[in-house]
Amino acid sequence: MMTNELQYLSILPELILTIFGMLIMVLDPLMADRASRKPMGWLAFVGTLAALGATFYQGTHPVAGTAFFGMVRTDAFSIFFHVVVIVIAALAILSSLDYLETQGIRSGEYYGLILLGTVGMGLLSSAMELVMLFIALEISSISTYILAGYRRRVAASAESSIKYFLLGSFATAFFLYGVALIYGATGSTNITAISQALHNNHISSLTYLALVLMFVGMGFKVAVTPFHVWTPDVYEGAPAPVVALMSTGPKAAAFALMLRVLFGSFGELSQWWLPLIWISAALSMTIGNVGALLQNNVKRMLAYSSIAHAGYLLVAFAAGQDMGIAAAIFYTATYAAMNVGAFAVVSHFASRGERYVSIDDYAGLGRRSPVLAITLTIFMLSLIGIPLTGGFFAKFYVFSAALKSNLVWLTIIGLVNSAIAAYYYLRLIVVMYMKEGDDSVTLVPVPVATAAALLIAAGLTIYLGVMPGGVLGYALLGAQDLMR
Amino acid sequence: MADNQLAPYLPILMQLLIAAGIGTGMIVLSAILGQRKYSRMKMQAYECGMTPTGDAQHRFSVKFYLVAMLFILFDVEAIFLIPWAVVYRDLLKIPGAGLFGFWEMMVYIGIVLVGFFYVWKKGVLDWNTPELSEGPNE
């Protein structure tokens, strides 16, 4: 048992994010109604930087271990995911600053919600209690439900918010029911205690039901087939920077939850849940990629692409072992970098009222705004998995882990899908560079904050593609901590 | 024997009797002592501030939902105080904890107050703010 002061260190990033989030909630009503909320955005950005610093402090000082009566655990795994979600939040805030001005949204709560949502995402990777995990899941989800509806005058945005809210709460109810049943079956809601109970005692049939129910809840949050149907509509209506956040942040956090639950608690039953993962992975990759082929709206296309990428991630789950888990962890980080970047471009290019979101609108972008076109090209190439970008190594590690675990067919399905996926990502690049665009519309120059977000995202994408060793090494440490 | 088993419930019975006594007492007394002025409004069926008759398909002020939501939020938050108050003395006895239990609840109340401050400043508690129906944003 640690002393009280050290206990607080183990949730330091969450504490900082909460304080900044509440500060924004207090300051916002004090501002004039018509005043720009940009200062709030910068305050939120400072908050994410402080939280990032706190996470690095956790990584370099001996804070590791459980705290608060086994409620949270700080280890390489939790620290890795904290860095991922906090960087995502920071980039989403940067690309929101000017987006909100363009859309005429004056609201400081927007930034407060991002910070408070990040608290939930962070806790999802460090909590060791199913009840705590459920609360963290709700914190991150409820914030994103509200954020999805932020274009209040647009019916599509309200539709997005309501759909996400109704289906999302339905899915969390499944998860909660699973938690209740597993408590009934093993007498505990602690991740490690459940694992021990399953190891030592007879496994009751209730356990299997609980596992399936929890899988439904988690599958919804990470948007894998057959729980993916909400994704395109929600992503289409929600504000583009919010999609940047929710297609990566809550998703990475939910994958952390899935890793914790499946490998931490139900490792004993891996033979049993492996087929579920296998089928879900194969279906997600196929349906995601085929669906993306048919889209003309960039946001919808990226929504289907996110389903497909969740599928690749599940392949790493199916591979299991340290290497498979490390590949999954590495994949979430890479996917976050490239997808946040892609949506940052979409956010800026969409203009007032999100007018320009169809693929044809991107025609001639290569000439009209070379910088935007080049960064978007980097992200698209990375999403395909071209060498020298992070996407290549992410896929490479996933499929080599899968081959090591003798998942030959799943690997073949994945590789065929990667080839299909190349078509729709390349299509966007072709449209940008080889089609004549409408030059009559003058493009707004990229604002500083958005440019910073793009630079960081593109930098990370290339860094992960050129020198993946360091991050992969840390992912491996995380995987070992998870299996311990 | 039966007397002994029911004995612990005696306070509840007394409370019931007192509550019933006060309730009926108030009604009877106001019926005897009170003045009566009838008006059209007063004789209508009571309906929480809405016109009780007519078409039900008209727009309701969003305030109804806001008040209902806030009620549930603060109600649930206040309920957390009760289990804390019940075990408070035991919290003090935990070795090395000191006033930890006290300060934890103060932090919690502080967070609730931040929410209250936000709601107040946003004007949700003011019933007569016509411009708010357009929304504070945009």
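## Reading a two-chain model

User: A:Gln321 is placed in helix α15 of chain A. Is the phi of A:Gln321 positive or negative?

Analyst: A word first: this is a predicted model. In it, A:Gln321 has a positive phi of about 60°, although it is not a glycine. A:Gln321 is also partly exposed, with 15 other C-beta atoms within 10 Å.

User: What is the phi of A:Asn406, and where is A:Asn406 placed?

Analyst: The phi of A:Asn406 is positive too, at about 65°, and again the residue is not a glycine. A:Asn406 belongs to the loop between α18 and α19 of chain A. Just 10 other C-beta atoms lie within 10 Å of A:Asn406, so this residue counts as exposed.

User: Which peptide bond is cis?

Analyst: Look at the bond from A:Thr225 to A:Pro226, where omega is near 5°. A:Pro226 lies in the loop between α9 and α10 (231-237) of chain A.

User: How do I read a helix, say α20 of chain A? Which residues of α20(A) are buried?

Analyst: Here is the general idea. An α-helix has 3.6 residues a turn, so residues three or four places apart point the same way. Now the case: the buried residues of α20(A) include A:Ala453, A:Leu454, A:Ala457, A:Ala458, A:Leu460, A:Thr461 and A:Leu464. Seen down the helix axis, the buried residues of α20(A) fall within an arc of 160°, so they line one face. They pack against several helices of chain A, among them α4 (76-103), α15 (321-350) and α21 (469-483).

User: What span should the 19 residues of α20(A) have?

Analyst: At 1.5 Å a residue, helix α20 (residues 448-466) of chain A should span 27 Å, and its end C-alpha atoms are 26 Å apart, which agrees. You can try the same check on helix α13 (residues 270-293) of chain A: its 24 residues should span 34 Å, and the end C-alpha atoms are 34 Å apart.

User: What do the buried residues of α13(A) pack against?

Analyst: They pack against α9 (205-222), α14 (298-319) and α19 (408-434) of chain A. Among those buried residues are A:Ile277, A:Met285, A:Ile287 and A:Asn289.

User: Which residues touch the most other members of the largest nonpolar core?

Analyst: That core has 180 residues, and A:Leu124, A:Ala327, A:Phe330 and A:Val398 touch the most other members. The largest share of the core, 21 residues, comes from α15(A). Take A:Val398 as an example: leaving aside neighbours within four places in sequence, A:Val398 is in contact with A:Tyr312, A:Val315, A:Ala316, A:Ala327 and A:Tyr331.

User: How many helices and strands are there in chain B?

Analyst: Chain B has 6 helices and 0 strands. Buried residues make up 0% of its 138 residues. Helix α4 (residues 63-79) of chain B has end C-alpha atoms 24 Å apart, in agreement with the expected 24 Å. Of the 17 residues of α4(B), the number buried is 0, so this helix lies largely in the open.

User: Where in chain B does pLDDT stay under 50?

Analyst: It does so over residues 131-138 of chain B. Where pLDDT is low, the predicted coordinates should not be read in detail. Chain B as a whole averages a pLDDT of 82, with 89% of the residues scoring at least 70. Among the elements of chain B, helix α2 (residues 10-33) has the highest mean, 94, and helix α1 (residues 2-6) the lowest, 69. For the complex, the predictor gives an ipTM of 0.81 and a pTM of 0.88.

How values were computed. Residues numbered from 1 in each chain as written. Chains lettered and ligands numbered in written order. Predicted model: local features only at pLDDT ≥ 70, side-chain atom pairs only at ≥ 80, totals over all residues. Helix = DSSP H or I, 4+ residues; strand = E, 2+ residues; numbered from the N terminus. Expected span 1.5 Å × (residues − 1). Buried ≥ 20, exposed ≤ 12 C-beta atoms within 10 Å, placed from the backbone. Arc of directions from axis to C-beta. Contact = placed C-beta atoms within 7 Å. pLDDT = per-residue confidence, 0-100. Core = buried A, V, L, I, M, F, W, Y, C linked by C-beta atoms within 7 Å.
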